[in-house]
Amino acid sequence: MTNISLDQIGQSRMWYQYAAEIQGEGKSEDEIVAFRDAWDFRNVLLVEQPNGDFAQTIFRQFLYDTYSVHFYEMLMNSNDEQLAAIAAKSHKEALYHVKWSGDWVIRLGDGTEESHQRMQQAIDELWSYAGELTKPNQTEVKALEAGYGVDLEVLKEKRDAQIKEVLTEATLEIPESTYAHEGGKDGTHTEHLGYILADLQFLQRAYPGQEW
Amino acid sequence: MGADKNDTNPLINQSTVYQILESVTDPEIPVISIRDLGIVRDVMVEDDFVEVVITPTYSGCPAMLEIEKNIHNSLKKSGIDQFKITTVLSPAWTTDWMTEKGMQKLKAYGIAPPNPTNPEDIECPQCGSHNTELLSEFGSTACKSLFRCKDCLEPFDYFKCH
């Protein structure tokens, strides 16, 4: 899992570096990360949910991976060269991630009575965070129209098929409810993000510009 | 020392720079040079100015910063003062760019080299047996997975196809 984190930190750095360049205010990637507050972050609610037990950690990862692997694959066709290049680089890594988390979903789902039950609980708990990933907000609609974004409806079909395949093999049920928590993409977050930021931003907030 | 147009160093050309880069190794796998790893994408020499183009292996690989520093130091040590190191993302790095020599060195070091023809058939770098099994998708670094040989029973790293 630390290997996956490492890849994702690397991917985030590429996005933030590009964001800093486009923004053109002379800010570094670190400044964008460390000196914004929760309402300025546009991440989906799924990724700020607590680790929970191992089943929850795995299913959160799986929901993110099944999204990101298709997102990167489709973003490779972006008319923005840098977006396409970052996507191509990240896609190769996401392929491993989804294989890893998918294998765990199967191993736990089709494992012992307890692992099966915990895995199903994790799915029931996190399912309402799956919808936001594939529901476009204004920014994403604009990005698609301008040719540098991704069609999330197409992505949703691919993703849902992959989730279904893995959960079937894992002998797990997809919940019937399609209710989706949303707001993260527009800056309305759950309480959990504040705690994460407190941890991650502490050093730069206390000692601005500190390096090692 | 300022560069005088009439005083170009005749010793600096593309192949000397490549030779210098041959001495820069991956800090995680010190037997293999960054050229053998396929990280060096291009070297351009114009007058006294050298540009080295590199590409990261994995996007979060912590060795990249170290590698850039090492390229910087070995160019300086060889008397090259005017240079720039450029990182490109596209096309994305692939283990297909690893040289045959690099593969051999990996194997001699105890890491099974990537096998693009059949990723299921991994040879044990210890005893040469093909009777091996995957223990973990990820190993000691992002670029490797962990295997075990069912004949000599030794665990080993496999450098993943990427």
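Visitor: What do the buried residues of H1(B) pack against?

Guide: In this predicted model, they pack against helix H2 (34–37), strand E1 (40–46), strand E2 (49–54) and helix H3 (63–77) of chain B. Packing here rests on contact, which means heavy atoms within 4.5 Å.

Visitor: Which residues of H1(B) are buried, and how do you know that they line one face of the helix?

Guide: Val17(B), Tyr18(B), Ile20(B) and Leu21(B) are the buried ones, in a helix that covers residues 14–22. Look down the axis of H1(B) and its buried residues fall within an arc of 160°, so they line one face.

Visitor: What makes the link between Asn13(B) and Ser15(B) at the start of H1(B) a polar contact?

Guide: A side-chain oxygen of Asn13(B) comes to within 3.0 Å of the backbone nitrogen of Ser15(B). The cut-off for such a pair of N or O atoms is 3.5 Å, so this pair counts.

Visitor: Over in chain A, why is the pairing of Arg118(A) with Asp53(A) called a salt bridge?

Guide: The closest N and O atoms are 3.4 Å apart. The definition asks for a side-chain nitrogen of Lys or Arg within 4 Å of a carboxyl oxygen of Asp or Glu, so the pair qualifies. Arg118(A) sits in helix H5 (residues 113–126) and Asp53(A) in the loop between helix H2 (29–34) and helix H3 (54–75), so the pair ties together parts that are 65 residues apart in sequence.

Visitor: What separates Arg118(A) and Glu114(A) in helix H5 of chain A?

Guide: About one helical turn, as they are 4 residues apart. Arg118(A) forms a salt bridge with Glu114(A) too, with the closest N and O atoms 3.0 Å apart.

Visitor: And why is Asp53(A) called partly exposed?

Guide: Its relative accessible area is 22%. Buried means under 20% and exposed means over 50%, so Asp53(A) falls in between.

Visitor: How do you know that Trp212(A) is exposed?

Guide: Trp212(A) has a relative accessible area of 92%, and the exposed class begins over 50%, so the label fits. You'll find this residue in the segment after helix H9 (192–206) of chain A. Together with Phe202(A), Leu203(A) and Tyr207(A), Trp212(A) makes a nonpolar surface patch of about 580 Å².

Visitor: What about Cys61(B): why is that residue called partly exposed?

Guide: With a relative accessible area of 23%, Cys61(B) is past the 20% limit for buried but not over 50%, so partly exposed is the label. Cys61(B) lies in the loop between E2 and H3 of chain B.

Terms used: Residues are numbered from 1 along each chain as its sequence is written. Chains are lettered from A and ligands numbered from 1 in the order in which they are written. This is a predicted model: local features need pLDDT of at least 70, side-chain atom pairs count only at pLDDT 80 or more; totals for chains, interfaces and linings use all residues. Side-chain values use heavy atoms; hydrogens and water are left out. Patches are made of residues with over 30% relative accessible area and no salt bridge: like charges are joined within 9 Å, nonpolar side chains (Val, Leu, Ile, Met, Phe, Trp, Tyr) within 5 Å. Accessible areas come from the Shrake-Rupley method with a 1.4 Å probe; for residues, only the protein chains shown count as cover. Helices (H or I, at least four residues) and strands (E, at least two) are DSSP runs, numbered from the N terminus. Buried means under 20% relative accessible area, exposed over 50%, partly exposed in between (1.4 Å probe, protein chains only). The arc is that of the directions from the helix axis to the C-beta atoms. A polar contact is a pair of N or O atoms within 3.5 Å; within protein, one must be able to donate a hydrogen and the other to accept it, and residues adjacent in sequence count only if both atoms are side-chain atoms.
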